[in-house]
Amino acid sequence: MVDIHCHLLPGIDDGPVDWAEALALARMFAEAGVEKIVVTPHFIPGVYSWTREEGEALHRKLVDRLRREGLVLETFLSAEVGIFPELPQWIEEDKVPLMPTGRHLLLEAPMYGSESVVRDMAYAVLSVGVTPIFAHPERSPLFMEVGLARDLVASEGVFQLDAGGLIGRWGGEIKRISMNLIDAGLVRYVASDSHGPGRREPSEFVMAAEEVEKLWGPEIRKALFHENPLELTKVPPKL
Ligand SMILES: [Fe+2]
């Protein structure tokens, strides 16, 4: 399994508070059979402010700590990016950690705000050559109407569901929306959105995969939990 949304770096956002927590979480992922993780700390200027260089330095430490702990887990640095006005410009200035492909961005589906802001930002990000992947649309009131969801997907925007929603962590309504989005063919990835031990643990990710297999079959499970996420970890060769 490949996880493309996970708060695994310590002390940078509301994920693990220290290395002990981060490594305990990493061990759970390895034991759950997850092979690759794209680490995605929140990136919201003024709230969770960090530079790409700081993120890369912390990620290098993670790689070193995993190796020393003997944990077989390949990790990549990216971010869960909030919507802020300068985002398209910052992407062009290479200030925002994208997915390893360099062409995708994990964009947090806002919990409030207006539909037009989200739509305009999606198109602005697309206009600088990057595809927005909306993180957990099932929990955003803006996406509960399938209209906006379909509109954005038609423009190549894509959706990532959180595993917790599929196993009822946030109740029956969020589960129903999650299932509807899969039924409508609008979901490309499911991710853990884990924040640390006791906070959306890897076991939920596994349970969600089993639920998806039960309801939609092994091929859909493979696509949402392995094949599609794996595509995002492919670093293009340097020309
Ligand atoms: Fe997250």
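This presentation goes through the sheets of the structure, then one loop residue, and finally a pair of helices.

Good morning, colleagues. Please keep in mind throughout that we are looking at a predicted model.

I begin with the three-stranded sheet. Its 3 strands follow the order β1-β2-β4, and the sheet is open, with parallel pairing. The edge positions belong to β1 and to β4, residues 74–77; each has a single partner strand, so one side of each is left without a neighbour in the sheet. From one strand to the next, the twist averages 20°.

Strand β1 covers residues 2–6, and 5 of the 5 are buried, so the rest of the structure largely encloses this strand. Its pairing with strand β2, residues 36–39, is parallel and extends over 3 bridges. Within that pairing, D3 is placed opposite I37 of β2. The connection between the two strands involves helix α1, residues 19–31, and β1, α1 and β2 together make a right-handed β-α-β unit.

I turn now to the second sheet. This one is also open and parallel, and its 6 strands are arranged as β3-β5-β6-β7-β8-β9. Here β3, residues 42–43, and β9, residues 187–191, stand at the edges; each has a single partner strand, so one side of each lacks a neighbour in the sheet.

Within this sheet I would like to dwell on β6. Of its 5 residues, 4 are buried, and the strand is thus mostly covered. On one hand, β6 is joined by 2 bridges to strand β5, residues 80–81, with the two running parallel; V81 stands opposite L107 of β6. On the other hand, β6 pairs with β7, again in the parallel sense, over 5 bridges, and L105 has P132 of β7 as its bridge partner.

Both pairings come with a helical crossover. Strand β5, helix α3 at residues 87–92, and β6 make a right-handed β-α-β unit. A right-handed unit is likewise made by β6, helix α4 at residues 115–127, and β7.

Towards the β9 edge, strand β8, residues 158–162, pairs with β9 in the parallel sense over 4 bridges. The bridge partner of F159 in that pairing is V187.

Next, a single residue. Where does H136 lie? Its place is in the loop between β7, residues 131–135, and α5, residues 146–154. Is H136 buried or exposed? Since 20 or more other C-beta atoms within 10 Å make a residue buried, and H136 has 24 of them, H136 is buried. Setting aside neighbours within four places in sequence, H136 is in contact with A109, Q160, L161, D162 and D193. As for N180, it is 44 residues from H136 in sequence and 13 Å from it in space, C-alpha to C-alpha.

Finally, the helix pair. Helix α8, residues 202–216, and helix α9, residues 218–232, have axes that come within 7 Å and cross at roughly 140°. The crossing is right-handed. On the α8 side, the contact is made by A209, V212, E213 and W216, and on the α9 side by P218, I220, R221, L224 and F225. By type, the residues of this contact comprise 7 nonpolar, no polar and 2 charged.

Helix α9 also brings us back to the six-stranded sheet. It lies across β6, residues 104–108, and β9, and runs at about 100° to β9.

Thank you for your attention.

Terms used. Residues numbered from 1 in each chain as written. Predicted model: local features only at pLDDT ≥ 70, side-chain atom pairs only at ≥ 80, totals over all residues. Axes fitted to C-alpha atoms, helices over the stretch in contact; angles between N-to-C directions. Left-handed = near helix turned anticlockwise from the far one by under 90°. Contact = placed C-beta atoms within 7 Å. Nonpolar A, V, L, I, M, F, W, Y, C, P; charged D, E, K, R; others polar. Buried ≥ 20, exposed ≤ 12 C-beta atoms within 10 Å, placed from the backbone. Pairing = 2+ DSSP bridges. Right-handed = clockwise from strand over helix to strand, strands pointing away.
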